[in-house]
Amino acid sequence: MIPDVSRHPRLPAALTALALLLVWALVAVRTSPLLLPGPLAVLRAAWSARQALAEATLHTGLAAGAGLVLATGLGLVGAVAFHLSRTLELALYPYALLLQTLPIVAVAPLLVVWLDYGTPVAVASAALVSFFPVLTAGHLGLRAATVEQVELFSLYGASTAQELLLLRLPAGLPTLFAGLRAAGGLAVIGAVVGEFVGSNGVPRSLGYQVLYAARTAEPALSFAAIGCAAALSLGLFVVVRLGERRLIGRWHAAGGAA
Amino acid sequence: MDALPVAFEEVGFAWPAAPAPLLRGFGLRCPAGTLTALVGPSGCGKSTLLRLAAGLLLPQEGRVAPGASARGGLAMVFQQPNLLAWRTVADNVGLPLELRGVPVAARRDAVAEALGRVELEDVAQALPAALSGGMRMRVALARAWVQAPRLLVMDEPFAALDALTRGRMYDRFQALWEQGRPTGLLVTHDVDEAVLLADRVVVLGGRPLGVVAEVAVDLPRPRSASLRHEPALGALVRQVEAHL
C-alpha cells in the first residue's frame, strides 16, 4: 500500500535519504576506500575524531556567525543609507552588486595578506559573501510598506525617523528575514573558504580539517568534516528561522508557518 | 476644535508624463462642518482631489485649502483599513497621537474613548489579523477619530465591505459624525451611499475634470440605512444618476 503523503509530509525526503545511502554504500563496496569511503567508514572516522570535529565545528560556526552578524549590521546600515539618499544609492549600488560577483576563492588569499592567518580571514570571508543578500533584502524590505501606509504617515506629519522606525523597518522584516536565511548558508561557505586559504592549523577549523584529511589521505574524515559543515549551515538556518518566528511570527503568515 | 472649510481655487494639476492635465482652473467649495460626496466615473480624478485637499499632493497652479497646513487636524480613511499588521488594535488607533508626540497616558485615554465609540474595547490588545473586515474598518474609523479631526477625507471607505456590514457601518459612521462634525469629503462609487451620508453630492466628470452637477441633500439626520428605501431618497438618487 502506498502511504498517504499528505499525512506524512516528511516521508518522501526520508525515503530519498535512505535510497541515497543505499546507493552510496553499494557503490563504495566496489570502489577503493581512498576514492569513496562508505557511510559506515565515514561514521567510524567521525566517531574517532569526534573531539577534533566538534571543536572545528564550533570554531567555524563562530566565524560564520560573526561574519553573518557583521554582514547584517553593515547590510542594514547600507540599506537605510540607500533608502535615505537616492544619490548614494545610485552612486554605490552598482558597486555593491559588483561585490556579489567577486569569486570569494580568489579574494580569500588577499584577505590573508591584509588580516594575516587565523580566524579573522574566515570571519571577513563569511561577511563578504553574506553581505549582499542582506543588503538587497534590507533595501527591498524598506520599500515593502504600501503607498497608503506611507500616505498615512505623511498625513499625520511623521518625521523621516518615525517613518523609518515605526513603518518601514517593521514592514520590511519579512523580506529581510528571507535574505538572512539565504545569507546564513552563504556565511558557512564563506567561512570554510576563508579557512581553506587562511588557516595555519590554529584553531583547527572545519576548512582546515577538510584540507588536512585530504592531504593525509583520509577521505572518510573529509566526508565527516563536510557533513559537519552542512549541519552547521542547517543550524544557522534554524537559528534565523527561530528569530523570524519570534519577531514576526505573530503577525506575518510566512514567519509563523513551519 | 472648529471644522475646516475646503476650497479649490483655480486649481491646475497634471500627472507627470500624462498627455493632458487632470485639472485646469478647477473650483469647488465645501463649507465647514458639511459632508460632501464626490461621485464620478472610475479614474476621473476623485482620489486626486482628496489627496490635494489633504496636502498629500500639491497643485501646480491655483490654491487648495486646507492642504498640508491642516496637519494634526486631518484624518483620512482609505478603501482598505490600512492598519499596521504588527501593532495591536490599540496601538494602531493611537498612531496619529504617537506621531504627534502625545504622552502615553493621554494617548491611552484617547484610544480607550475612540475604541469605545466603535465598540471595540474588547479587542484592544488583538492584532488586526484576528479581526473581521468590518471590525478592521471600525478600527480605521477609531484611528481617524482619535484626534478629533477638523477635516476627514474618505476614499471609498465602505467599498470593500459586504452589504450587511456596510449598512451597520453607515449607522456607526453617522453617530461618530454627529459628535464633533468635522468637514467631510467622501469619494464613493455608490450613489445610494452618497445620498444617504452626504449634505451635498457633487458629480464630477470630463477632462480636465469639472463639476458636472451638484445635488443638495436636505433629508433630516440621523439617516438610518433603511431610509434607502424611502421615495425621497430614491428621487435624489435618480437625480444624481441622471448626471452620471
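This report walks through a predicted model with chains A and B, going from a helix to a sheet, then to domains and contacts.

Let's start with chain A. Its helix α1(A) runs over residues 11-29, 19 residues in total. From first C-alpha to last, α1(A) reaches 27 Å, close to the 27 Å expected at 1.5 Å a residue. How many of the residues of α1(A) are buried? The count is 0, so to speak a helix that is hardly covered.

Now for chain B and its sheet. Six strands of chain B line up in the order β5-β6-β7-β3-β8-β9, giving an open sheet with mixed pairing. At the edges sit β5(B), residues 74-77, and β9(B), residues 210-216, each of which pairs on one side only. Ignore direction, and neighbouring strands of this sheet are turned by 20 degrees against each other on average.

Look inside the sheet and you'll find β3(B) (residues 35-39) running parallel to β7(B) (residues 183-187), with 4 bridges joining the two. If you want a spot to click on, Thr36(B) stands opposite Leu185(B) in β7(B).

Two helices of chain B pack on this sheet, and here is how they sit:

| Helix | Residues | Strands touched | Direction |
|---|---|---|---|
| α1(B) | 46-53 | β3(B), β6(B), β7(B), β8(B) | about 155 degrees with β7(B) |
| α8(B) | 231-241 | β3(B), β8(B), β9(B) | about 170 degrees with β9(B) |

Next, the domains. The domain assignment splits chain B into domain 1, made of 1-73 + 150-244, and domain 2, which covers 75-147. Taken over C-alpha atoms, the centres of these two domains of chain B are 24 Å apart. Where they meet, 16 residues of domain 1 of chain B are in contact with 16 residues of domain 2 of chain B. On the domain 1 side, β6(B) and α6(B) (163-178) are the elements that give two or more residues. Of these, α6(B) gives the most, with 5 residues. That side of domain 1 divides into 11 nonpolar, 2 polar and 3 charged residues.

Finally, the two chains together. Which elements of chain A supply at least two residues each to the side that touches chain B? They are α7(A), residues 147-155, and α8(A), residues 160-198. In all, 14 residues of chain A are in contact with 16 residues of chain B. The largest share of the chain A side, 6 residues, comes from α7(A). By type, the chain A side holds 6 nonpolar, 5 polar and 3 charged residues.

Methods
Residues numbered from 1 in each chain as written. Chains lettered and ligands numbered in written order. Predicted model: local features only at pLDDT ≥ 70, side-chain atom pairs only at ≥ 80, totals over all residues. Contact = placed C-beta atoms within 7 Å. Nonpolar A, V, L, I, M, F, W, Y, C, P; charged D, E, K, R; others polar. Pairing = 2+ DSSP bridges. Axes fitted to C-alpha atoms, helices over the stretch in contact; angles between N-to-C directions. Expected span 1.5 Å × (residues − 1). Buried ≥ 20, exposed ≤ 12 C-beta atoms within 10 Å, placed from the backbone. Domains from an automatic or database assignment.
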